[in-house]
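Visitor: I should like a close look at a single part of this model, with its strands, its neighbouring elements and its enclosed spaces treated in one connected account. Please proceed from one pairing to the next.

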Amino acid sequence: MSLISKVRRSLLPALALALPLAALAQGVSYPNAPVRVIVPYPPGGSLDAVIRPFAEKFQQATGQTLIVENLGGAGGLIAGAKVAQSKPDGYTLFLASNGQVSLAPLLYTSMSYDPERDLVPIIHLTDQVAVLYANAQTPYRTVADVIAAAKAAPGTVAFASTGAGGISHLAIELLGQATGAKFNHVPYKGAAPALQDLAGGQVPLLFTFVGSAKGLTASGHVRPIAVAADKRLPSLPDVPTFAEAGVPGIQVSSWMGLMGPRDMPAAAVRRMAEVADDILKQPDFQKQMADISMEIRGGSPANFRAAIQADTVKWSKLAKTVNLKQQQ
């Protein structure tokens, strides 16, 4: 064997390894295997209502499966840590929301991951507005009913939340601050178990989202009382805003978007953002989201990073006002 042949043969293993990396660097081969998305709450919540139809579109667009893995607990921090510590190859992603990114650093003195350092923004998928729901068998039909009951017996009117420090918890604190009422906060591990107990009458009240509560609303188990926004939702045209109900200043919304672990290849980030943005622009997907009052976002990773930074500033001011650090 000639010296040239020996050199060529010795280089083959290195070339075999380099070629996939070079392809990934140019975004050509990504994704070429199933992609797993970690959802930080149990099945059945509003995040599921977005990611599961998104997963169908993803497979159509790429030929690869988007595996949805629900991992609840600790307000979504368990899921956030799992993604932050995963291999940064673009095949483990995070369906993040405010609670694990904007709010968590305001609540916890120690975390196993730093959202800004350990997670990379990919794309801002949707925004959603919080709605106050009551068990249909309770006497609560208006915000005034809820406030009157809480003031008559401070600390006894129970409010479920989807987890301590999450958006639904913050909404309770804001309502209490705005009205002087004191509530009994009952945290759950996600929207699905909280809604189950709301429907069953174990808790009377919950701030959650239209997509989460749609089935229970249609079946008559729960009723929407007020919308935490500056205008009514098209999907709930008869439900007043808090301002219309006499309590201004209650505006609470949640974003959700895809993030990856730090050092995820830039080409994979760009490619996933492109695929996702195309899905968000599809009319049938947009209709699905409109039916559950989700506002489509989209855009670039840079746009998403800026949105997260603005959201963090907003909640920082509010968290200091309601002193959420006490709730750890």
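Guide: In this predicted model, strand β6 (residues 158–161) and strand β8 (residues 205–208) run parallel and are joined by two bridges. Within this pairing, Ala160 of β6 has Leu206 of β8 standing opposite. Both strands belong to an open sheet of five strands, whose order is β7-β6-β8-β5-β9 and whose pairing is mixed. At its edges lie β7 (184–187) and β9 (222–227), each of which pairs on one side only. Direction ignored, neighbouring strands of this sheet are turned against each other by 30° on average. Strands of a sheet pair through backbone hydrogen bonds, in either a parallel or an antiparallel arrangement.

A helix accompanies this sheet. Helix α8 (residues 191–200) lies across β5 (131–135), β6, β8 and β9. Relative to β8, helix α8 runs at about 145°.

A further group of strands can be followed from β3 (residues 92–97). Six of the six residues of β3 are buried, so this strand is largely enclosed by the rest of the structure. The burial applies to both faces of the strand: Thr92, Phe94 and Ala96 point one way, Leu93, Leu95 and Ser97 point the other way, and all are buried. One partner of β3 is strand β1 (residues 35–39), which runs parallel to β3 and is joined to it by three bridges. Here Ile38 stands opposite Phe94 of β3. Strand β10 is another partner, and β3 and β10 pair in the antiparallel sense over four bridges. In that pairing, Ser97 faces Met256 of β10 as the residue standing opposite.

Strand β10 (residues 253–261) leads on to β4, since the two run antiparallel and nine bridges join them. Val129 has Ser253 of β10 as its bridge partner. Strand β4 (residues 119–129) is mostly covered, with 10 of its 11 residues buried. Another antiparallel pairing, over three bridges, links β4 to strand β11 (residues 294–296). In this case Gln128 stands opposite Met294 of β11.

The enclosed spaces complete the account. Rolling a probe the size of a water molecule over the atoms shows where empty space is left. A search of the whole structure yields three cavities of 30 Å³ or more. The largest cavity contains about 180 Å³ of space. Its lining comprises 18 residues, of which Tyr41, Ser46, Leu47, Thr162 and Phe209 are the closest to its centre. Helices α2 (46–62) and α7 (167–179) each contribute at least two residues to the lining of this largest cavity. By class, that lining of the largest cavity consists of seven nonpolar residues, 11 polar residues and no charged ones.

The second largest cavity holds about 50 Å³ of space. Its lining is formed by Tyr41, Ala74, Gly75, Leu77, Gly99, Leu107, Tyr108, Gly163, Ala164, Gly165 and Gly166. Six of these lining residues are nonpolar and five are polar, while no charged residue is present in the lining of the second largest cavity. Tyr41 thus appears in the linings of both the largest cavity and the second largest cavity.

Notes:
Residues are numbered from 1 along each chain as its sequence is written. This is a predicted model: local features need pLDDT of at least 70, side-chain atom pairs count only at pLDDT 80 or more; totals for chains, interfaces and linings use all residues. Side-chain values use heavy atoms; hydrogens and water are left out. Buried means under 20% relative accessible area, exposed over 50%, partly exposed in between (1.4 Å probe, protein chains only). Two strands pair if DSSP finds at least two bridges between them. On a 1 Å grid over the protein atoms alone, a cavity is a set of points where a 1.4 Å probe fits but cannot get out, and a pocket is an open set with protein on both sides within 12 Å along at least five of seven lines; lining residues have an atom within 4 Å of a point. Grid points are joined across faces, edges and corners, and a volume is the space filled by probe spheres set on the points. Ala, Val, Leu, Ile, Met, Phe, Trp, Tyr, Cys and Pro count as nonpolar, Asp, Glu, Lys and Arg as charged, and the others, Gly among them, as polar. Axes are lines fitted to C-alpha atoms, for helices over the stretch in contact, and angles run from 0 to 180 degrees between N-to-C directions. Contact means heavy atoms within 4.5 Å.
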